[in-house]
Structures are given as C-alpha cells and as structure tokens.
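User: I'm new to this one and would like a close look at a single part: the surfaces that lie along the DNA. Could you walk me through them and then show how the rest fits around them?

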There are 2 protein chains.
Amino acid sequence: MTTHNEEPRWLNDEEQRTWRAYLHATMLLEDHLDRQLQRDAKMPHVYYGLLVQLAQAPRRRMRMTELARHAKITRSRLSHAIARLEKHGWVRREDCPSDKRGQNAILTDEGYEVLEQSAPGHVTAVRQALFDRLSQEQQKSLGEIMRIIAEGLQPNEAGADLPWLR
Amino acid sequence: MTTHNEEPRWLNDEEQRTWRAYLHATMLLEDHLDRQLQRDAKMPHVYYGLLVQLAQAPRRRMRMTELARHAKITRSRLSHAIARLEKHGWVRREDCPSDKRGQNAILTDEGYEVLEQSAPGHVTAVRQALFDRLSQEQQKSLGEIMRIIAEGLQPNEAGADLPWLR
DNA sequence: GCGGATTCGTTGAACATTCAAGGATGGGGT
DNA sequence: ACCCCATCCTTGAATGTTCAACGAATCCGC
C-alpha cells in the first residue's frame with residue numbers, strides 16, 4: 001500500500017505555514033472551549049457536544065452507536081463518557097426495546113438544564129473566537145474546506161462501499 | 001465580566017453547518033494522524049510535533065518553557081510528555097548552564113532517526129487528507145483563516161499587554 | 001544585600017482516551 | 001433448527017491530559 005523508499009513531496013514554505021497555522025489554531029481553540037466549558041458547565045467540550053446531540057434527538061434519546069457516529073467518536077469512548085455523564089445525573093441509560101443488545105442514552109431534565117444555562121456562554125465563546133473574526137467570504141470558505149476534509153476522512157459514509165463498486 | 005440574562009446571538013443555519021463541519025473535520029483529522037503516527041512512530045501526534053520542534057532548533061535542544069510555547073501546550077503537559085519521550089530514549093534532559101532553574105530538552109540520535117523514518121509517511125498522510133483535496137485558493141484561504149483564529153486566542157503574544165494600554 | 005513577587009519546571013491525583021478483548025444478541029444461509 | 005459471523009456495547013489496563021500545589025532560582029525595587 002504505502003510505497004516505501006520513495007522520497008515524498010515535502011511541504012513547501014507556504015504549505016508549512018498553513019499547516020502550522022492549522023495545528024495552532026485548532027489546538028488553541030479546542031483548549032479554549034474546553035476550559036470555558038469546564039468552568040461553566042463542569043464538563044469538557046466533547047461531553048457537551050454529546051448532550052447537544054441528545055437534546056436535538058427525537059425524544060432526547062439516541063442509540064449508543066448512532067450517537068457515537070454523529071459525534072465522531074469511538075463506541076468505547078462513548079461508553080466511558082456516558083458512564084461519567086450518568087454519574088453526574090445528566091444522562092441515563094435505558095435498554096432498547098427492539099434490540100436486546102442495544103442501549104439508549106437519554107438526556108435527563110438536569111442535563112437539559114445544564115445545557116440551557118451554559119449554551120449562551122458557549123455560543124458567545126464560539127462567536128468571539130471564530131465568527132466575529134471572519135468575513136462572510138471566509139466563513140463560507142471555511143465551511144467548504146472543512147466539509148471537504150471531513151468527507152475525505154469519513155470511513156465510508158452512506159452510499160459508498162457498495163459491493164459492485166469494488 | 002460575562003453579561004448574564006442577555007440572550008446571545010445564536011448561530012444561524014449556515015453558521016451551524018460551518019461550525020459542525022469544523023468540529024468534525026478537526027476531530028477526524030487529529031484522530032487520523034494520531035493513529036497513523038501511533039502505528040508508524042509509536043507516539044501520538046503532539047509528541048511527534050515536539051520532536052520536530054527540537055529537530056529544527058539550533059543545537060537540537062530547547063528550553064522547556066520555550067518548547068511549550070512553540071507547541072502551544074502547557075508546561076505541565078510538556079513535562080509529562082518529555083518524561084515519556086525520555087523513557088523511549090528519543091529525548092534527554094540537561095541542566096541549563098545559565099539558569100539553574102532551567103532544563104533543556106535535547107533530541108537524541110535515536111529520536112532523530114525515528115523522525116527521519118516516519119516523516120515521509122506523515123507528510124504523505126497530511127497531503128492526502130488536506131492539501132491534495134484543496135485548490136490553491138482554498139489553501140491560501142485556510143492559511144489566512146487559521147492565522148486569524150490563532151491570533152485571537154494567543155494569550156497576549158509579544159507587544160500586547162503593555163501596561164500603558166490598560 | 002533584603003525581601004517579596006515572579007518564573008522555571010515538576011509532581012501526584014483526578015480525569016479522559018485508546019486499545020484489545022470479550023459477552024450477548026441478532027441475522028442469514030443451509 | 002443450527003452454525004457462523006456480524007453488530008452492540010462494555011470492560012480494564014495502559015497511556016495521555018489537566019489542575020492545583022510546590023520548591024528552587026531569579027528578578028526587581030528599595
């Protein structure tokens with residue numbers, strides 16, 4: 001698969017600057033939001049994202065695997081995360097009626113409240129760090145670019161991996 | 001500081017899509033590179049970045065605080081990281097001659113070798129995931145955007161925080 | 001020089017993530 | 001019915017990160 005011994009195309013100066021800027025910006029932003037949420041909602045950013053997903057789901061509940069897929073994390077990570085959120089009383093589990101293997105993660109009222117209280121601060125933080133600093137053009141561009149990157153790394157989202165295409 | 005009770009400007013549809021794309025893309029890419037490097041270089045992406053910094057530094061060494069600043073991580077995190085890299089024999093520590101509090105992190109020959117061997121695969125991974133998928137325009141745009149974000153989150157890089165500006 | 005504030009780097013505990021393994025159920029073919 | 005394999009989710013151990021606290025050395029104003 002990976003050709004060895006072949007000298008790769010190194011990054012040129014401009015590419016290096018771009019890559020560095022990417023790494024710095026993403027790292028700083030993630031840290032920033034983690035701290036903001038740890039302070040205001042007592043949980044890291046990823047956990048907050050899980051609650052948001054649940055809040056938007058039909059009956060404020062979601063199958064574990066589906067939640068993991070939406071949040072782009074492994075099922076293992078989700079299991080641990082939900083365990084902790086459950087300890088805090090923000091989420092509870094329930095057996096899935098139709099599939100005895102399945103579990104539903106359910107947002108509790110307490111969880112919803114935490115979300116309600118911390119959402120404004122969080123949106124503000126995101127605006128201040130990101131949207132307020134970018135022009136309309138740049139926002140549009142950012143969206144397109146990020147969608148392209150995500151698509152390229154998606155482990156075969158719906159429609160791909162059809163047997164007759166191999 | 002944070003105004004309470006004030007309804008924030010929520011994200012509109014387009015902004016939400018952009019933000020989501022950002023979160024997904026950055027998460028997927030970081031995971032992807034972490035796995036790639038864990039496989040090929042036996043270390044996570046951040047640790048690899050530390051070795052790169054050291055390799056580019058004057059005598060392949062750097063003061064801990066400076067290294068932390070360049071890598072955008074806390075000194076604590078760096079301390080732990082260097083401890084581990086030291087165990088692997090890729091880095092060693094040395095007292096700083098001019099400041100008895102200081103430590104230099106030094107890239108060993110073994111460390112340099114690991115870097116040499118894994119760099120090609122890493123660059124290829126970055127290209128495949130990012131640069132190969134973006135037009136020149138988009139690359140330029142991405143660089144600009146990321147620099148803006150990073151600047152906004154920099155905890156007062158040189159020149160700011162001047163007393164007479166408070 | 002003195003003394004207080006600051007910087008340097010580390011430490012340990014709590015928390016988070018990854019990885020490999022495993023138990024249980026479901027689905028499909030025969 | 002049966003078997004085999006896939007999927008669902010969890011678990012524990014190893015690893016990585018955060019946070020608060022700390023000792024040592026340096027800096028700065030007097």
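**Along the DNA**

Analyst: Let's start with DNA strand D, keeping in mind that this is a predicted model. The surface near DNA strand D splits into eight nonpolar, 10 polar and 11 charged residues. There are 29 residues around that strand, and the ones that come nearest are Met64(A), Thr65(A), Ser79(A), Ser76(B) and Lys100(B). So which elements supply at least two residues each of the surface near DNA strand D? From chain A you get helix 1, helix 3 (64-71) and helix 4 (75-87), and from chain B you get helix 4 (75-87).

Now hop over to DNA strand C. Around DNA strand C there are 30 residues, with Lys100(A), Met64(B), Thr65(B), Ser76(B) and Ser79(B) coming nearest. Two or more residues apiece come from helix 4 of chain A, plus helix 1 (13-41), helix 3 (64-71) and helix 4 of chain B. The top contributor to this surface is helix 4 of chain B, which gives six residues. By type, the surface near DNA strand C has nine nonpolar, 10 polar and 11 charged residues.

Next, how do the two protein chains meet? Chain A puts 43 residues into the contact, and chain B puts in 43 residues. On the chain A side, helix 1 (13-41), helix 5 (109-129) and helix 6 (136-153) each bring at least two residues. That side of chain A is made up of 24 nonpolar, 12 polar and seven charged residues.

Helix 5 turns up inside chain B as well, where helix 2 (residues 45-56) packs against helix 5 (residues 109-129) at an angle of about 115°, their axes 11 Å apart. Because of that angle, helix 2 of chain B counts as roughly perpendicular to helix 5 of chain B. Helix 2 of chain B goes past helix 5 of chain B in a left-handed crossing. Where they touch, helix 2 of chain B offers Tyr48(B), Leu51(B), Val52(B) and Ala55(B), while helix 5 of chain B offers Gly111(B), Tyr112(B), Leu115(B) and His122(B). Sorted by type, this contact has six nonpolar residues, two polar and no charged ones.

Finally, a bit of context from the records: an unreviewed UniProt entry carries the annotation "domain: HTH marR-type" over residues 15-151 of chain A. Over residues 15-151, chain A is 71% helix and 9% strand, and the end C-alpha atoms sit 21 Å apart.

How values were computed:
Residues numbered from 1 in each chain as written. Chains lettered and ligands numbered in written order. Predicted model: local features only at pLDDT ≥ 70, side-chain atom pairs only at ≥ 80, totals over all residues. Contact = placed C-beta atoms within 7 Å. Helix = DSSP H or I, 4+ residues; strand = E, 2+ residues; numbered from the N terminus. Nonpolar A, V, L, I, M, F, W, Y, C, P; charged D, E, K, R; others polar. Near = placed C-beta within 6 Å. Axes fitted to C-alpha atoms, helices over the stretch in contact; angles between N-to-C directions. Parallel < 35°, antiparallel > 145°, perpendicular 65-115°, else oblique. Left-handed = near helix turned anticlockwise from the far one by under 90°. UniProt positions renumbered as here; feature names shortened; annotations may be inferred.
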